[in-house]
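Please work through the exercises below with the sequence and the 3D structure open beside you. Try each task before you read its solution.

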Amino acid sequence: MEKVIYLDNAATTKTAPEVVEAMTPYFTEYYGNASSIYSLGTQAKKAVSQARETIAESLRAEPNEIYFTAGGSEADNWAVKATAEAYASKGRHIITSAIEHHAVLHTCKYLEQKGFEVTYIGVDENGILKIEELKAAVRPDTILITVMFANNEIGTIQPVKEIGEIAKEKGILFHTDAVQAYGQIPIDVDEYHIDMLSASGHKLNGPKGTGFLYIRKGIKTRSFIHGGQQERGRRAGTENVPGIVGLAAAVKRAFAIMEEKTKKEIALRDRLIERIKKEIPYCRLNGDEKKRLPNNVNFSFQFIEGESLLIMLDMKGICASSGSACTSGSLDPSHVLLAIGLAHETAHGSLRLTVSEENTMEEMDRTVDCIKEIIERLRAMSPLYEDFCKKKEGLL
Amino acid sequence: MYSEKVMDHFSNPRNMGEIEEASGVGTVGNAKCGDIMRMYLDIDENGVIQDCKFKTFGCGAAIATSSMATELVKGKTVEQALAVTNKAVMEALDGLPPVKVHCSLLAEEAIHAALWDYAQKNHIEIEGLQKPKSDIHEGEEEPEEEY
């Protein structure tokens with residue numbers, strides 16, 4: 001089999017060798033419990049505090065504002081649920097966007113069942129939050145605004161600073177799910193007025209099952225997991241020391257190479273976008289052209305269905321993803337693609353390619369060549385395309 | 001996720017294409033749900049299916065079931081073709097994942113729709129054949145967009 005071309009870095013990334021290397025001694029040598037008194041334990045404890053410092057520094061936050069979790073979804077659940085609970089006496093209204101990750105959306109749905117009210121702010125055709133709609137949605141009983149930093153499907157970067165300013169002015173807490181953005185673009189929690197931020201390790205070449213929640217000092221929040229005194233008593237359970245060390249190593253790496261990585265990824269991304277736009281008819285680039293993550297490409301191809309495209313790409317050794325219903329396990333295509341106004345059939349024909357700095361231009365070219373060939377093949381099979389062509393020729 | 005047979009029929013679909021001046025054409029499914037199947041039948045004067053072709057917009061399972069369905073009805077009489085069930089299509093493919101069973105139903109439905117069209121055109125009644133339930137135009141309100 002040919003070498004795999006991995007273009008699904010928004011799903012997960014390869015764990016960087018230096019990350020694995022940093023983690024290994026915490027499995028084999030310094031395996032002590034960070035809460036223990038002997039030196040084997042204190043070594044682990046030291047590693048955890050160092051990791052906390054590294055991460056705090058990357059956000060211009062304080063170490064005691066960083067709480068380790070088992071990933072992005074846990075951090076989102078914690079931020080939204082615990083805030084709702086802690087501030088319920090002040091109000092029961094939450095504002096979010098229509099294009100959040102399910103970790104936020106489904107948590108909001110859960111809170112609706114518990115008597116909270118949630119307003120879902122729409123986005124424009126490029127996936128940018130409608131700020132005016134957000135401003136109008138603010139009520140005296142609004143306790144939380146939660147809007148993602150950048151979208152996982154279409155890569156759109158949200159006007160986070162503006163949202164943060166609105167929240168600050170109105171005295172509302174602002175949480176952002178930065179799982180896709182953290183480590184990819186610089187984030188300063190003070191500059192953007194972010195009160196809480198979720199991030200995940202495996203999206204930035206760190207280990208799976210790691211992540212953190214930033215909680216600004218002074219914010220009233222509830223413990224997410226009750227038990228021991230770990231994470232200042234707010235998230236009990238023996239620390240995943242190797243995971244935390246790996247996460248910090250990944251963060252260090254991501255911030256050290258960010259500038260160079262971004263430059264490389266943008267070049268790769270733009271090659272895909274330019275060639276697809278030019279060479280494949282009846283396609284649409286989803287997401288904003290400018291306010292876009294450096295690694296994200298998302299296209300809809302008319303008259304074809306995404307899963308077929310993914311299987312055929314896989315046969316050629318190319319890993320990608322789609323917002324088609326068949327890949328989500330439901331009959332509905334991606335809520336993000338529907339929110340930007342795509343018709344169902346167009347949303348079914350979507351393809352997401354997310355590059356990394358390890359990809360090459362040759363891989364981009366080969367990918368476009370393959371997509372072109374597959375789309376032609378699938379369109380030749382498509383009754384929708386047949387009808388479209390006949391209509392065009394005036395035969396139908 | 002898919003059986004080898006499904007992968008085979010997906011990568012090398014049998015009888016893909018159109019039949020000009022077909023005896024019967026049936027289109028079922030809905031683009032909204034992500035699957036549309038169209039079956040073309042060429043039926044001779046003795047009621048035997050001489051040729052069958054398909055076109056499908058859909059996932060891997062939708063393409064594979066269409067392909068297998070054409071294989072199963074080719075050479076059969078109209079009555080025999082009517083007796084080809086979605087179960088038969090699934091079995092011939094060595095099974096489908098549970099979420100894809102509806103694709104096989106769509107294939108059965110597409111054959112029925114093409115037979116119905118044939119019956120209508122020739123003013124005949126095929127015993128046991130009912131008017132196809134799902135239609136491509138069902139629930140299709142907005143016009144297709146174009147770029």
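The exercises that follow concern a predicted model, and each task is followed by a worked solution.

**Exercise 1. Cysteines**

Task: Find how many disulfides there are over all chains, and explain why A:Cys283 is not part of one.

Solution: Begin with the cut-off, since a disulfide requires two cysteine sulfur atoms within 2.5 Å. For A:Cys283 the closest cysteine sulfur belongs to A:Cys389 and lies 16 Å away, which is too far for a bond. Next take B:Cys103, where the nearest cysteine sulfur, that of B:Cys59, is 3.8 Å away, and B:Cys103 is likewise in no disulfide. The count over all chains therefore comes to 0 disulfides under the 2.5 Å rule. As a last step, look at the surroundings of these two residues: A:Cys283 counts as buried at 13% relative accessibility, and B:Cys103 counts as buried at 0%.

**Exercise 2. Nonpolar cores**

Task: Determine which residues touch the most other members of the largest nonpolar core, and which helix gives the largest share of that core.

Solution: The largest nonpolar core has 72 residues, and the members that touch the most others are A:Phe301 and B:Leu115. Helix α5 of chain B, residues 101-121, contributes the largest share of this core, namely 10 residues. To follow one member in detail, select B:Leu115 and list its partners, leaving out residues up to four places away in sequence: these are B:Leu41, B:Ile43, B:Val78, B:Ala81, B:Leu82, B:Ile126 and B:Leu129. Apart from this core lies another, of 56 residues, which includes A:Ile55, A:Ile66, A:Ile172 and A:Leu197.

**Exercise 3. Helix α14 of chain A**

Task: Describe which residues of helix α14 of chain A are buried, what covers them, and what is found at the ends of the helix.

Solution: Start with the helix itself, which spans residues 383-392 and in which A:Pro383, A:Leu384, A:Glu386, A:Asp387 and A:Phe388 are buried. The cover over these buried residues includes α13 (361-381) of chain A, and also β2 (35-43) and β3 (49-57) of chain B. At the N-terminal end, A:Ser382 acts as a cap, with a side-chain oxygen 3.1 Å from the backbone nitrogen of A:Leu384. After the helix comes A:Gly394, which has a positive phi, near 75°.

**Exercise 4. Where the chains meet**

Task: Work out how many residues each chain brings to the contact and how many salt bridges are counted between chain B and chain A.

Solution: Chain B brings 29 residues to the contact and chain A brings 32 residues. Together the two chains bury about 2900 Å², and 60% of this area is on carbon and sulfur atoms. Turning to charged groups, the count is 5 salt bridges between chain B and chain A, and A:Lys390 and B:Glu18 meet through their side chains in a salt bridge at 3.2 Å, N to O. On the side of chain B that touches chain A, α1 (4-11), β2, β3 and α2 (60-73) each supply at least two residues.

**Exercise 5. Buried or exposed?**

Task: Decide whether A:Thr54 is buried or exposed, and whether A:Ile37 is buried or exposed.

Solution: A:Thr54 lies in helix α3 of chain A, residues 39-59, and it is buried because its relative accessible area of 17% is under 20%. Its contacts, not counting residues up to four places away in sequence, are A:Ala248, A:Val251 and A:Lys252. A:Ile37, in the loop between α2 (25-28) and α3 of chain A, is exposed because its relative accessible area of 81% is over 50%.

Note on methods. Residues are numbered from 1 along each chain as its sequence is written. Chains are lettered from A and ligands numbered from 1 in the order in which they are written. This is a predicted model: local features need pLDDT of at least 70, side-chain atom pairs count only at pLDDT 80 or more; totals for chains, interfaces and linings use all residues. Side-chain values use heavy atoms; hydrogens and water are left out. Buried means under 20% relative accessible area, exposed over 50%, partly exposed in between (1.4 Å probe, protein chains only). A nonpolar core is a set of buried Ala, Val, Leu, Ile, Met, Phe, Trp, Tyr and Cys residues joined through side-chain atoms within 4.5 Å. Helices (H or I, at least four residues) and strands (E, at least two) are DSSP runs, numbered from the N terminus. Contact means heavy atoms within 4.5 Å. A polar contact is a pair of N or O atoms within 3.5 Å; within protein, one must be able to donate a hydrogen and the other to accept it, and residues adjacent in sequence count only if both atoms are side-chain atoms. Buried area is the accessible area (1.4 Å probe) that two parts lose on being put together, summed over both. A salt bridge is a side-chain nitrogen of Lys or Arg within 4 Å of a carboxyl oxygen of Asp or Glu.
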